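Visitor: I would like to go through this model helix by helix, asking as we go. Could you show me the sequence and the structure before we begin?

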Amino acid sequence: MNKTRLEAFSDGVVAILITIMVLELRIPDGADWTALRPILPIFITYVLSFVILGIYWTNHHHLVHTADRINGGILWSNLHLLFWLSLIPFATGWMGRNNFAPLPTAVYGGVLLLCAIGYTILERMIIAAQGPQSRLKEAIGGDVKGYVSLAMYAAAIPLAFVNRWLAYALYVGVALIWFIPDRRIERRLS
């Protein structure tokens, strides 16, 4: 199967998700700095979610390029990832509109955790389809970076009920870990 359809569809979904999020940003009532105060939590959450979607988009690009062939398992695991990514605008809006309240902050973390799990499953499906000498397997090795990210998201969810800012800091921390596209895969592809 040709991987260009999978890539084009995934690119389109991510573009739509970013568009949905930006449409949720409301124009403030008023023309002074105090008019921006009510939308500040929404904007901060939007920026983080935009960066996270950008991280998934760039790393997905590298991930798909390691595949020599695409099968049904890869297609379905890609849809699984896209499903969880499609919930980011909802979780973003809920957390931002409620000023990082504990439950929306925990739900946001839950969505991010499920996105990370979806990405991990997609990685495993590509590795399985490519065989024991998979370029992706050689590139990611034991995937410590991936497992650390999963652990940080999992820790942030209950932490949101104790200290929402520490939970948010963990979400930002994972984004910082992944901000530069995965060099392990870039090196292997070049």
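Visitor: Which residues of α7 are buried?

Guide: The model is a predicted one, and in it the buried residues of α7 fall within an arc of 160° when seen down the helix axis, so they line one face of the helix. That face packs against α5 (102–130) and α8 (164–178). The buried residues of α7 are G146, S149, L150, M152, Y153 and A156.

Visitor: How many Å apart are the end C-alpha atoms of α7?

Guide: Helix α7 runs over residues 144–159, which makes 16 residues. At 1.5 Å a residue the expected span is 22 Å, and the distance between the end C-alpha atoms agrees with this, being 22 Å.

Visitor: Are α7 and α8 roughly parallel or roughly antiparallel to each other?

Guide: Two packed helices are described by the angle between their axes and the distance between the axes. For α7 and α8 the axes are 8 Å apart and the packing angle is about 165°, while the crossing is left-handed. Angles over 145 degrees count as roughly antiparallel, and α7 and α8 are therefore roughly antiparallel.

Visitor: Which residues of α8 does α7 meet?

Guide: On the α7 side the contacts involve K145, G146, V148, S149, M152, Y153, A155, A156, I157 and L159. Among these, G146, S149, M152, Y153 and A156 also belong to the buried residues of α7. The residues met in α8 are R164, L166, A167, L170, Y171, G173, V174, I177 and W178.

Visitor: At roughly what angle do the axes of α2 and α8 cross?

Guide: Residues I44, T45, L48, V51, I52, I55 and N59 in α2 meet Y168, Y171, V172, A175 and W178 in α8. The crossing of this pair is left-handed. The axes of α2 and α8 come within 10 Å, and they cross at roughly 35°.

Visitor: Which residues of α4 are buried?

Guide: Helix α4 has ten residues, and seven of them are buried, so it is largely enclosed by the rest of the structure. The cover over these buried residues includes α1 (3–23), α2 (40–65), α3 (72–85), α5 and α8. The buried residues themselves are I88, P89, A91, T92, G93, M95 and G96.

Visitor: What is the phi of N99, the residue that follows α4?

Guide: Residue N99 lies in the loop between α4 and α5, and at 40% relative accessibility it counts as partly exposed. Most residues other than glycine have a negative phi. N99 is not a glycine, yet its phi is positive, at about 50°.

Visitor: Is F100 buried or exposed?

Guide: F100 also lies in the loop between α4 (88–97) and α5. Leaving aside neighbours within four places in sequence, F100 is in contact with P41, I44, T45, M95, T105, R164, W165 and Y168. Its relative accessible area is 3%, and since a value under 20% is the mark of burial, F100 counts as buried.

Visitor: How far apart in space are the end C-alpha atoms of α5?

Guide: The length to be expected follows from the 29 residues of α5, which at 1.5 Å a residue should span 42 Å. Just after this helix, G131 takes a positive phi of about 90°. The end C-alpha atoms of α5 agree with the expected span, standing apart by 42 Å.

Visitor: Which residues does E123 touch, not counting those up to four places away in sequence?

Guide: E123 has its place in helix α5, where it is buried, with a relative accessible area of 1%. Not counting residues up to four places away in sequence, E123 touches L63, L136, I140 and D143.

Visitor: What is the phi of D143?

Guide: D143, one of the residues that E123 touches, is placed in the loop between α6 (135–140) and α7. At 2% relative accessibility D143 counts as buried. Its phi is a positive value in a residue other than glycine, near 55°.

Visitor: Does N2 count as buried or exposed?

Guide: N2 lies in the segment before α1. N2 and M21 are 19 residues apart in sequence, and their C-alpha atoms are 31 Å apart in space. The relative accessibility of N2 is 51%, and since values over 50% mark a residue as exposed, N2 counts as exposed.

Terms used
Residues numbered from 1 in each chain as written. Predicted model: local features only at pLDDT ≥ 70, side-chain atom pairs only at ≥ 80, totals over all residues. Heavy atoms only, no water. Helix = DSSP H or I, 4+ residues; strand = E, 2+ residues; numbered from the N terminus. Expected span 1.5 Å × (residues − 1). Buried < 20%, exposed > 50% of the residue type's maximum accessible area, 1.4 Å probe, protein only. Arc of directions from axis to C-beta. Contact = heavy atoms within 4.5 Å. Axes fitted to C-alpha atoms, helices over the stretch in contact; angles between N-to-C directions. Parallel < 35°, antiparallel > 145°, perpendicular 65-115°, else oblique. Left-handed = near helix turned anticlockwise from the far one by under 90°.
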